[in-house]
Amino acid sequence: MNATPTLTAEAANTSSSFEHILFPRSPIHEDACLLARFLSGLKYEDIPTDVIDTAKLIALDTLGCIVAGTDTPLGGKILAAYAGSDENGCCVPGTPTKLAPSLAAKVNAWLADVLDYEDDASGHPSATVIPAALAMAEHIGATPQQFLAGVVAGYEAGLRWHDATQASPDVYRRFAVYHAWHGIAAGAAAMTVAGGTEEQFRSALGHAAANTNIPLWYVQYGRPAHALKANYGQMALGGLDAAICARRNIVGPFAMLSDAERGFAMIVGSDKFQPKHLSEELSTVWRIRESTLKAYPCCGFLHTTIEGVSKLVAAHNIDYENVAKLRIGTFKRIPEWFSDAAPASDIDAQFSLQYVSAMALLSIEVGREWYSPAMMRDPIVSDLMRRIEIEVDPIAEKAFWEIDQNMSSVTIVTKSGESFSMKVDWPDGHWKWPRKLSESENKFRRNVRGTALETRGDDIIEHVMNIDRSNSLNGLWDLLASV
């Protein structure tokens with residue numbers, strides 16, 4: 001670990017009424033200081049093997065999501081918006097495009113989230129952590145070990161800030177507080193890849209907090225839904241810029257992170273700032289272990305329903321033409337925010353319980369094909385959505401708020417009078433019950449299918465899952481480039 005700089009003592013002895021921007025004295029900043037010190041000293045060699053393996057798996061999963069995102073109508077628009085190429089820039093996997101580091105992080109983060117297929121851990125940390133770590137690694141020529149340490153650091157910082165800035169249910173309904181920390185996660189990841197002094201890490205975290213987007217509820221402003229959702233692209237850019245500035249000793253507002261009156265928690269709408277979570281069990285509890293690799297390309301709130309419907313259809317050989325009604329019991333957030341029997345866009349469909357349930361009833365192969373223009377217009381899909389009823393289950397509602405559980409019960413009633421029911425407590429792929437490695441590899445292959453990287457799919461899997469056996473990332477950049 002880096003020793004505490006002498007600047008700390010200078011800050012403590014000053015007679016000014018102001019806190020030092022990098023080394024604030026108030027006890028409320030202590031936990032943020034401990035986190036910054038931990039991050040500045042984190043090295044690949046310090047990290048448990050299973051944590052490194054998880055970082056590699058998440059990197060592979062996110063790369064697949066990015067490549068799949070390029071082959072969608074929205075992904076095409078994003079790429080067109082940033083058309084052009086910088087031969088000295090950083091890659092956008094699956095395309096010939098190379099962009100300046102900040103823009104590469106931004107575009108890759110948006111592409112990772114196009115299908116809502118990236119990982120789930122109180123938000124989608126991989127959508128900002130992986131693009132920021134990739135861009136910084138390519139920008140400075142970092143080693144695979146530096147890259148993997150950056151991924152782990154992003155989760156450590158991001159999820160701890162999530163925990164520290166929780167909100168009450170009333171506030172949570174107005175502000176998407178649980179999205180706000182993604183920029184800090186990106187900043188921690190990029191800074192760890194680059195390496196630096198504790199002062200630089202504090203500046204990077206401060207810059208990242210100052211660059212944070214407004215935590216918006218993107219499904220709440222009307223239809224069609226906001227296409228860029230929680231704006232992870234801008235958060236990844238802000239995080240990478242934070243590290244780039246900090247590396248040049250451009251001082252960042254670290255003290256704002258835990259300023260109780262006007263700091264980060266207040267800015268993002270939290271009414272329950274608990275800084276103790278920032279340093280709790282550092283180097284003992286590794287937060288990346290809590291990441292769920294998604295089985296379905298849609299909001300994670302909907303996964304237990306999809307799983308229940310899919311299992312009932314398979315177990316009882318139910319033909320969609322024989323479905324008279326599908327009843328779904330779930331938590332209140334679903335009928336309030338995720339009920340849409342006529343989604344106007346692919347983004348709306350990703351947040352429509354009716355639409356994704358129709359995909360399950362039809363046994364459509366999981367992937368971006370769910371949101372093809374032809375599927376969105378299919379009258380069979382529209383008809384099935386009209387047969388779905390959603391009601392609030394008090395048990396599921398309690399579990400949602402008390403233990404962060406997305407419980408769902410489903411009942412399929414057939415035209416022949418049969419009824420089949422199932423309750424699903426946790427989704428397939430939840431971190432407590434992870435999917436098999438082969439399932440994650442097959443997800444990656446499906447994501448790159450039909451793209452410029454399809455023939456390299458197995459090579460990319462092999463390379464990423466053994467990346468720390470190499471001293472260079474050049475082989476990865478070659479595999480990800482499309483020329």
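How many helices and strands make up the secondary structure of the chain? The count is 22 helices and six strands. The model is predicted.

**The chain as a whole**

The chain has 483 residues, and 59% of them count as buried. Its C-alpha trace spans about 80 × 50 × 40 Å along the principal axes. The radius of gyration is 23 Å. A compact globule with 483 residues would have a value near 23 Å, so the chain agrees with that expectation.

Contacts add to this picture. Take those with a separation of 6 or more. Residues 24 or more positions apart account for 77% of them.

**Strand β5 and its partners**

Strand β5 covers residues 408-414. Is β5 mostly covered or mostly uncovered? It is mostly covered: six of its seven residues are buried.

β5 has a partner in β3, residues 323-330. It also pairs with β6, residues 419-424. The table sets out both pairings.

| Pair | Sense | Bridges | Residues facing each other |
|---|---|---|---|
| β3 and β5 | antiparallel | six | K325 and V413 |
| β5 and β6 | antiparallel | six | I412 and F420 |

On the β3 side, K325 stands opposite V413 of β5. On the β6 side, I412 has F420 as its bridge partner.

β5 and β6 form a hairpin, with four residues between the strands. Which residue of this hairpin takes a positive phi? That residue is G417, with a phi near 95 degrees.

**The largest pocket**

Now to the open space in the model. Rolling a probe the size of a water molecule over the atoms shows where empty space is left. In this chain, the largest pocket holds about 1100 Å³ of space.

Its lining is made up of 39 residues. Which of them lie nearest the centre of the pocket? They are S122, H162, F400, I403 and D404.

Three elements give two or more residues to the lining: α7 (144-164), α8 (169-174) and α19 (394-403). The largest share comes from α19, which supplies four residues.

What is the lining of the largest pocket made of, by residue class? It divides into 16 nonpolar, 13 polar and 10 charged residues.

**In brief**

The chain combines 22 helices with six strands. Strand β5 pairs with β3 and with β6, and six of its seven residues are buried. The largest pocket, about 1100 Å³, is lined by 39 residues, and α19 gives the largest share of that lining.

Note on methods. Residues are numbered from 1 along each chain as its sequence is written. This is a predicted model: local features need pLDDT of at least 70, side-chain atom pairs count only at pLDDT 80 or more; totals for chains, interfaces and linings use all residues. Side-chain values use heavy atoms; hydrogens and water are left out. On a 1 Å grid over the protein atoms alone, a cavity is a set of points where a 1.4 Å probe fits but cannot get out, and a pocket is an open set with protein on both sides within 12 Å along at least five of seven lines; lining residues have an atom within 4 Å of a point. Grid points are joined across faces, edges and corners, and a volume is the space filled by probe spheres set on the points. Ala, Val, Leu, Ile, Met, Phe, Trp, Tyr, Cys and Pro count as nonpolar, Asp, Glu, Lys and Arg as charged, and the others, Gly among them, as polar. Buried means under 20% relative accessible area, exposed over 50%, partly exposed in between (1.4 Å probe, protein chains only). Two strands pair if DSSP finds at least two bridges between them. The radius of gyration is taken over C-alpha atoms; the globule rule is 2.2 Å times the number of residues to the power 0.38. Contact means heavy atoms within 4.5 Å.
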